[in-house]
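Please open the structure in your viewer and keep the selection tool to hand. The stops below each name something to select and then describe what is found there.

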Amino acid sequence: MLSVLRVHLPSDIPIVGCELTPYLLLRRPDKTVTTDDVPESAPLDGHFLRYKWYRIQSDRKVAVCSVHPSEQATLQCLGCVKAKIPVAKSYHCSPKCFSDAWQHHRVLHDHAASSVNENGNEEEEIFGRFNSTGSGVVNATLTGSASSTSLTNGSTSLYPAAVTQRSGGETWFEVGRSKTYTPSADDIGHVLKFECVVVDMETKLPVGHPNTILTSRVIPAPSPIPRRLIPVSGTDMMGQLDSDGRISSSGTFTVLSYNILSDTYASSELYSYCPSWALSWPYRRQNLLREIVGYRADIVCLQEVQNDHFEEFFAPELDKHGYQALYKRKTNEVYGGNIHTIDGCATFFRRDRFSHVKKYEVEFNKAAQSLTEVAVQTTQKKAALNRLVKDNVALIVVLEAKFSNQGADNPGKRQLLCVANTHLNVPPELKDVKIWQVHTLLKGLEKIAASADIPMLVCGDFNSVPGSAPHLLLAMGKVDPLHPELLVDPLAILRPHSKLTHQLPLVSAYSPFARGVGLGLEHQRRKMDITTNEPLFTNCTRDFIGTLDYIFYTADSLTVEALLELLDEDSLRKDTALPSPEWSSDHIALLAEFRFQTRPR
């Protein structure tokens with residue numbers, strides 16, 4: 001007979017909006033062991049599995065610490081209550097916890113004070129708006145999984161949840177009847193119980209005792225301090241909110257670039273400082289989705305997107321928010337794992353703002369093969385390919401804008417835009433390979449530019465710090481022949497050094513922060529390296545902090561209007577690296593608002 005051998009949860013800390021999927025180990029009637037589900041629609045030997053989820057409601061209310069969400073709160077910041085900061089952020093588990101977190105916590109007070117305008121109304125943030133329940137949970141409509149307080153965690157909605165048992169000051173509410181359950185704001189501070197039992201198909205009665213497992217208390221999804229869009233074009237006001245809440249103005253568009261940290265790379269060994277529940281993919285994917293959707297960008301360039309995660313999660317979820325998806329998986333000549341978990345580059349664009357014209361896929365492995373055929377001696381070809389083949393790719397998309405700032409005198413002109421998205425993951429000692437890959441990408445973009453008068457954006461994680469040869473090639477159009485990184489060139493693929501040039505007028509989008517003056521810009525300037533005109537960091541781990549990610553644009557055809565503010569030590573808690581419960585990647589997102597320049601007739 002069918003029997004349940006083991007019930008296990010990947011993480012015993014449930015988070016609002018993050019789906020809980022228990023792991024079940026079953027023994028079939030033939031004594032074989034399986035993890036496959038046995039639903040009522042497909043019984044096995046006359047039996048199936050029935051699932052139930054319960055919320056344990058104690059008569060005593062419990063608040064959880066905003067810093068250590070697995071701990072019970074013992075004190076509350078009254079300043080938060082007075083400033084009407086979401087109440088969940090006001091709780092702390094001890095005076096030491098509150099003292100240690102003060103540098104980060106006081107930023108909440110500063111933001112609350114600055115977000116009140118002359119009419120006393122709270123300003124709209126780029127993302128991170130809170131609901132009115134006071135729970136501190138980010139507006140659930142952004143996650144797609146907890147968009148309603150009505151319960152649909154099962155075959156039928158429960159209005160209200162049924163009271164099934166009460167004893168010892170506790171009430172058990174049935175909240176779900178499926179294998180998976182997504183905690184809601186109503187579950188915060190409460191323990192959940194999962195129950196699984198084998199049921200006879202004919203009698204519909206349980207066979208044997210149910211298998212159960214208890215979680216710890218449900219915690220609210222941690223939310224970072226909202227990042228604002230800072231104007232850099234000389235205007236004094238933020239862009240206007242359009243009908244769906246996006247910040248935009250006529251003729252402008254926004255572009256997001258973000259390395260989201262593939263689950264394959266998110267190991268507890270590399271990121272031991274991040275709590276296991278915050279490092280788990282079920283949590284990170286919802287937190288990343290909330291963040292990405294909250295930015296409301298017109299174009300989204302993501303790196304380190306696993307193939308299966310693109311197909312099963314990001315493409316369908318972002319489709320619900322009006323995005324069309326394009327994807328280029330890395331090649332697998334070096335990678336020896338599951339082909340479905342290979343990561344790649346994903347570009348999304350809003351269907352109401354742009355239409356797809358053309359797609360180019362750059363496989364640097366193919367370029368390496370072509371190079372070795374003509375530039376490397378036969379005896380060195382195998383060694384050359386071993387050095388050059390790294391499975392990196394780039395996704396280039398040509399879009400057509402469905403809006404225009406050309407004016408009535410240019411009514412029929414098509415406004416095209418070329419967007420390149422890449423992730424150059426090369427071992428640091430192979431400096432020549434990284435330079436060659438950047439040069440190869442730029443030469444491809446030059447060919448596109450030669451065939452059409454088209455503005456360009458080059459986005460991605462280049463794994464190159466400011467001032468490195470790849471960065472200088474992108475930002476300056478050339479590399480000094482005496483640059484020390486050019487000395488590493490065993491295959492002579494960078495010679496003559498005079499060929500390391502390009503004619504695209506590329507400028508780093510965040511450079512205006514380095515030279516900006518005025519309200520808001522001075523604070524951002526302190527987060528910049530004024531010697532390179534780049535942010536101090538876009539990647540922050542315990543072992544490395546520095547800038548690896550960029551958005552470059554062609555300055556003769558595009559103008560930067562606004563930039564997403566950068567993170568600094570006030571935005572990250574003391575002694576915190578990324579990823580963290582608030583930020584689910586080791587990189588930070590970059591976002592810029594651009595305007596098409598009006599060309600003279």
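The tour follows the chain through a sheet, a loop, the cysteines, the nonpolar cores, a strand residue and a helix.

Please keep in mind throughout that this is a predicted model.

**The sheet at the start of the chain**

Begin by selecting strands S1, S2 and S3, which form an open sheet of three strands in the order S1-S2-S3, with antiparallel pairing. Strand S1 (3-8) and strand S3 (33-34) stand at the edges, and because each has a single partner strand, one side of each is left without a neighbour in the sheet. Strand S2 (residues 23-27) runs antiparallel to S1, and five bridges join the two. To see how they line up, display Arg6, which stands opposite Leu25 in S2.

**The loop after S3**

Move on to Pro43, in the loop that lies between S3 and strand S4 (47-58). Pro43 is partly exposed, its relative accessible area being 37%. If residues up to four places away in sequence are set aside, Pro43 touches Val38, Phe48 and Met201. Met201 is worth selecting as well, for it is 158 residues from Pro43 along the chain, while the C-alpha atoms of the two are separated by 7.3 Å.

**The cysteines**

Select Cys80 next, which is buried with a relative accessible area of 0%. Which cysteine sulfur is closest to the sulfur of Cys80? It is the one in Cys77, at 3.7 Å, which is too far for a bond, given that a disulfide requires sulfur atoms within 2.5 Å. The structure as a whole holds zero disulfides. Cys540 can be shown alongside; at 7% relative accessibility, Cys540 also counts as buried, since the cut-off for that term is under 20%.

**The nonpolar cores**

Now display Phe253, Ile299, Leu457 and Phe594, the residues that touch the most other members of the largest nonpolar core, which has 68 residues in total. Helix H5 (residues 281-295) supplies the largest share of this core, namely six residues. Centre the view on Ile299 and, leaving aside its neighbours within four places in sequence, look for its contacts, among them Phe253, Val255, Leu256, Phe348, Phe354, Leu399 and Val419. A second, separate core has 42 residues, including Leu430, Leu442, Ile448 and Leu474.

**Asp343 in strand S17**

Select strand S17 (residues 343-350), where Asp343 is found. Is Asp343 buried or exposed? With a relative accessibility of 3%, Asp343 counts as buried. Its contacts, not counting residues up to four places away in sequence, include Glu304, Arg329, Lys330 and His423, as well as Ser262, Tyr265 and Tyr327.

**Helix H7**

Finish with helix H7 (residues 364-375), whose twelve residues reach 16 Å from the first C-alpha to the last, close to the 16 Å expected at 1.5 Å a residue. Within H7, colour Phe364, Asn365, Ala368, Leu371 and Thr372, which are buried. Turn the view to look down the axis of H7, and the buried residues fall within an arc of 115°, so they line one face of the helix. On the other side of H7, Lys366, Glu373 and Val374 are exposed. To see what the buried residues of H7 pack against, add strand S18 (354-363), strand S19 (393-401) and strand S20 (416-423), together with helix H8 (381-388) and helix H9 (431-451).

How values were computed
Residues numbered from 1 in each chain as written. Predicted model: local features only at pLDDT ≥ 70, side-chain atom pairs only at ≥ 80, totals over all residues. Heavy atoms only, no water. Helix = DSSP H or I, 4+ residues; strand = E, 2+ residues; numbered from the N terminus. Expected span 1.5 Å × (residues − 1). Buried < 20%, exposed > 50% of the residue type's maximum accessible area, 1.4 Å probe, protein only. Arc of directions from axis to C-beta. Contact = heavy atoms within 4.5 Å. Pairing = 2+ DSSP bridges. Core = buried A, V, L, I, M, F, W, Y, C linked by side-chain atoms within 4.5 Å.
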